[in-house]
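Good morning, and thank you for making time for this item on the agenda. I would ask you to keep the sequence and the structure in view while I speak.

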Amino acid sequence: MAAAPALKHWRTTLERVEKFVSPVYFTDCNLRGRLFGATCPVAALSSFLTPDRPTYEEAVQRDFRPAQVGCSFGPTWWTCWFRVELTIPEAWVGQEVHLCWESDGEGLVWRDGEPVQGLTKEGEKTSYVLTDRLGERDPRSLTLYVEVACNGLLGAGKGSIIAAPDPEKMFQLSRAELAVFHRDVHMLLVDLELLLGIAKGLGKDNQRSFQALYTANQMVNVCDPAQPETFPVAQALASRFFGQHGGESQHTIHATGHCHIDTAWLWPFKETVRKCARSWVTALQLMERNPEFIFACSQAQQLEWVKSRYPGLHSRLQEFACRGQFVPVGGTWVEMDGNLPSGEAMVRQFLQGQNFFLQEFGKMCSEFWLPDTFGYSAQLPQIMHGCGIRRFLTQKLSWNLVNSFPHHTFFWEGLDGSRVLVHFPPGDSYVMQGSVEEVLKTVANNRDKGRANHSAFLFGFGDGGGGPTQTMLDRLKRLSNTDGLPRVQLSSPRQLFSALESDSGQLCTWVGELFLELHNGTYTTHAQIKKGNRECERILHDVELLSSLALARSTQFLYPAAQLQHLWRLLLLNQFHDVVTGSCIQMVAEEAMCHYEDIRSHGNTLLSAAAAALCAGEPGPEGLLIVNTLPWKRTEVMALPKPGGAHSLGLTPSPGDSAQHGLCSCSSPHLAAAPAAPAACVRSARAPTDSASRPPPTKTDGSVTLDNGIIRVKLDPTGRLTSLVLVASGREAIAEGAVGNQFVLFDDVPLYWDAWDVMDYHLETRKPVLGQAGTLAVGTEGGLRGSAWFLLQISPNSRLSQEVVLDVGCPYVRFHTEVHWHEAHKFLKVEFPARVRSSQATYEIQFGHLQRPTHYNTSWDWARFEVWAHRWMDLSEHGFGLALLNDCKYGASVRGSILSLSLLRAPKAPDFTADMGRHEFTYALMPHKGSFQDAGVIQAAYSLNFPLLALPAPSPAPATSWSAFSLSSPAVVLETVKQAESSSQRRSLVLRLYEAHGSHVDCWLHLSLPVQEAILCDLLERPDPAGHLPLRDSRLKLTFSPFQVLSLLLVLQSPPH
Ligand SMILES: [Zn+2]
């Protein structure tokens, strides 16, 4: 036994212990230097390089050439496969033997044709355990393969993580050898590091801190690194310390292994597939060695990838899921963005996700999981409820730049009043390492002290995968119950939330959206991705509706369930929180554009197929099938194709048709057939009655006035809006002395996260873009449509052209815009100063809308200087308002009385080319009297986004118009019509409706389809046992509360034969 320590110098004692475990200093004589013993080179090493990502079976057939330690390989995104032949020296019998492998890139070890472990230096995985204890009769020679991807855990950014990838980067193998591993040394190192952490973390006014320090010091005294027989005494000292337990009131930390894998970000989708394999196979290996280890894994898409590419690994994941160690969480297809996806798309994230988890792992997830997403819609609580989930975990609001969120554990009440239990791990991270510092931070940082005595602690390398290590587990296991620290248990999210639920009486409630006060540029960055997302949401909506109608009306029609599932999954994939947000590298953006193109082209094929089925068997000449896919009647000017590729304008349906077929009285979705050849539509498309007939644009002094009898639009000679009048009331919508349609350019240089962030100070750099007088010209002269157009030079490099269009009967004026955009760190917006005063503006969100302030009173107000909206925003005072609609934009703001739509950004990282080039988009302005609800703003925004379809009818189109559904209340939107998901319900449709005004309402749904039974169901289409709805005269009565979403299962009658 060493002499009692005579001194009590804090610093020297602490640093002495630090040097004893240092990987840098005194490794010739300290404990760290003894971690490994004898070494031995591998017997043979060979490799081949490929730009592809071949499977194991393909790879082992390839031509391996001799390789050496020190060799370099690459470039970026290539793969180097190594064959490693090794022979363990006989003298090592009885020892633990590792393959020590250090290389750049991300490695995966294959043994006997199966992946067994990831090897990534950045993820602290540089050794593969060949044997825990080499037996005398164990085979000592074997061949392994190591598949090394030429990218780091976080891609291959040139100079900084988020810089665009360096395509020329080369990678090096710096170590490949066998070594004896001293497990006892490792355990002592873990203890000493923990003791140091406790000493430092608890500090000098805490006696437990000194106990830890002196225990560590005493361990150094008794431990001779060169004499393993001295280790047990040191271990006993540590065990005595860690075995001193805390009291009953100790906080409990639930440590769950995790590995956040961005589905695509600084690397392409295909690399993510391999990241999953590397990370999860490593987690499985840890589960085998540590039966108490629990690992939470989200994102069905990633599991689906592994299932198809690594079936053996997938079976093992299923096996460990049965044991409760591999825990699927989240319930969604990917960890999607929480702001931009439509309500229906969010439902589909869960529908596709939960069904996958049920099918592959025997149960659905009970926790929603979005640790890294950039804000959370106020409709998520209701959507979660509808998908069987009452618990939600995230931590991203800890990134708030302005306000510190007041809770870590709380109830979240959504737009409709649905409540879920939310937990933010108080350590503000999902990539913990198991250190004492993090454990202490979790307790100290908890903003619900005294209310919630349990916290989540997610450990493991993340973002680019990696996951937990044995060392992390060793630390956490050692800290299970030690006086001075919280209790630490390896636990599952279910256990955590159950503990929180059982004592939730004192928790606070947060109402409305969880807005992230950062990353507000992601509503705008990569405009083409946003546009693809919006368009594809529309296409899938239309395909499902038409296919459902075809299913109901035709015996022959086969609903394209498998294709639609494929296309939906593709859309959902691109709603991942670094794709639709535009925060990905160029390679990913290009892949996303290909995915959208797939959805468009396949979607259009499916639309045609459904149209053909709907036309079959009906009398009437061939022509066009005009389809309104929205649930209310519409009369709109539409461009109808003429032979030879030209178009002509027509009013659809013509007033005559409306009267004849009753389209005015009921609604929809309308299925109106062009009665004859396309020309017939045009012929019938006469300008309606006097007050609405107009508009030859009038032109005086270079300005142009458009007037359709509903609104009158006056443009100045440069295309700016000087007046917008609601004709009936004479009310002016543009602020006095101000001009609307004013393009403005801002300097847009964030602090770091280029593609993500627009900072508050950008507002101080506002520069109006001024055009030249005389550029405004009349486009269409009038009749059904009047328009004017102009060119605008935005900067020496960028220009814009715009057509301002006003149609007969239309309550809004549209601005078709084309921009050639070549900028760096600039932000383009368009502004409309309104003659409206209100302290709140309204923005559309998923299945509803919400208000945000138009002023900067408090820090919570001004932190929302840039917000997101879906298809419309509105600024209203009593009796009058102005709405701004859009067809593919998401960034917005209203400050004072200025409505502003965010159009284009020009960030340079991680994609140097982001948003450069040509863009096309449309926004529209709708002044209205009364409330926006009564004025039909919601319907107008739908119309702008869902144009009437004119589909070629290969066989005779129905001669008469027909409407499948109609609703008695304008407050209710029929959002979705689709076939039921379950294969046993192939002749059932699912309808999704929501209350859009924010009101309690009773509503009749009229059906003209052959329905035999109607049942309420949840968002996962599970029937509500008490949900049978009486069907009287083809009508159903539905009762809604504000913003409530309802789903119905309609069982169709068998078709007539
Ligand atoms: Zn992420």
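Let me begin with helix α3, which supplies 9 residues to the lining of the second largest pocket, the largest share of that lining. Please bear in mind throughout that this is a predicted model. The second largest pocket has a volume of about 1200 Å³. It is lined by 41 residues, and those closest to its centre are L35, E124, H186, T469 and T471. Several elements each give at least two residues to this lining, among them strands β1 (36-41), β6 (96-103), β9 (127-131) and β11 (171-181). The helices that do so include α3 itself (183-202), together with α6 (269-289), α11 (436-445) and α12 (470-478). By character, the lining of this pocket divides into 13 nonpolar, 16 polar and 12 charged residues.

I turn next to the enclosed spaces. How many cavities of 30 Å³ or more does a search of the whole structure find? The search returns 9. The largest cavity has a volume of about 240 Å³. Its lining comprises 23 residues, of which S342, E537, R871, F946 and E975 are the closest to the centre. Helix α14 (527-553) is one of the elements that supply at least two lining residues to the largest cavity, and with 4 residues α14 has the largest share. Helices α9 (343-361) and α21 (937-945) also supply at least two each, as do strands β38 (840-845) and β49 (972-979). The lining of the largest cavity is made up of 9 nonpolar, 7 polar and 7 charged residues.

My third topic is charge pairing. In general, side chains of opposite charge can pair when their charged atoms come close. The count for this model comes to 48 salt bridges. I have chosen three pairs and one network.

The pair I would show at this point is R852 with E513, whose closest N and O atoms are 2.6 Å apart. Where do R852 and E513 lie? R852 is in strand β39 (848-853), while E513 is in the loop between β21 (509-511) and α14, so the salt bridge ties together parts that are 339 residues apart in sequence. Both partners, R852 and E513, are buried.

The next pair is E920 with R918, with closest N and O atoms 2.7 Å apart. E920 counts as partly exposed because its relative accessibility is 41%, which falls between the limits of 20% and 50%. R918 is likewise partly exposed, with a relative accessible area of 43%.

In the third pair, R1022 forms a salt bridge with D1018, and the closest N and O atoms are 2.8 Å apart. R1022 is partly exposed, at a relative accessible area of 35%. Salt bridges that share partners also join R53, E106, E147, E271, R274, K275 and R278 into one network.

I now come to the backbone. Most residues other than glycine have a negative phi, and most peptide bonds are trans. The following four sites are therefore worth locating in view of that general rule.

Two of them are cis peptide bonds. One joins G74 and P75, with omega at about 0°, and P75 is found in the loop between β4 (72-73) and β5 (79-87). The other runs from A909 to P910, with omega near 5°. P910 lies in the loop between β44 (898-905) and β45 (917-929).

The other two are residues with positive phi. Q299 is not a glycine, and its phi is near 75°. Q299 sits in the loop between β13 (295-297) and α7 (300-309). Is Q299 buried or exposed? Q299 counts as buried because its relative accessibility is 2%, under the limit of 20%. F847 has a phi near 50°, again a positive value in a residue other than glycine. F847 is in the loop between β38 and β39, and F847 is buried as well, with a relative accessible area of 4%.

I will finish at the surface. Which residues form a nonpolar patch there? They are I161, L401, L751, Y752 and Y761, and together they have about 490 Å² of accessible area. L751 belongs to the loop between β31 (742-747) and β32 (767-768). L751 is exposed, with a relative accessible area of 63%.

Technical notes:
Residues are numbered from 1 along each chain as its sequence is written. This is a predicted model: local features need pLDDT of at least 70, side-chain atom pairs count only at pLDDT 80 or more; totals for chains, interfaces and linings use all residues. Side-chain values use heavy atoms; hydrogens and water are left out. Patches are made of residues with over 30% relative accessible area and no salt bridge: like charges are joined within 9 Å, nonpolar side chains (Val, Leu, Ile, Met, Phe, Trp, Tyr) within 5 Å. Accessible areas come from the Shrake-Rupley method with a 1.4 Å probe; for residues, only the protein chains shown count as cover. A salt bridge is a side-chain nitrogen of Lys or Arg within 4 Å of a carboxyl oxygen of Asp or Glu. Buried means under 20% relative accessible area, exposed over 50%, partly exposed in between (1.4 Å probe, protein chains only). On a 1 Å grid over the protein atoms alone, a cavity is a set of points where a 1.4 Å probe fits but cannot get out, and a pocket is an open set with protein on both sides within 12 Å along at least five of seven lines; lining residues have an atom within 4 Å of a point. Grid points are joined across faces, edges and corners, and a volume is the space filled by probe spheres set on the points. Ala, Val, Leu, Ile, Met, Phe, Trp, Tyr, Cys and Pro count as nonpolar, Asp, Glu, Lys and Arg as charged, and the others, Gly among them, as polar.
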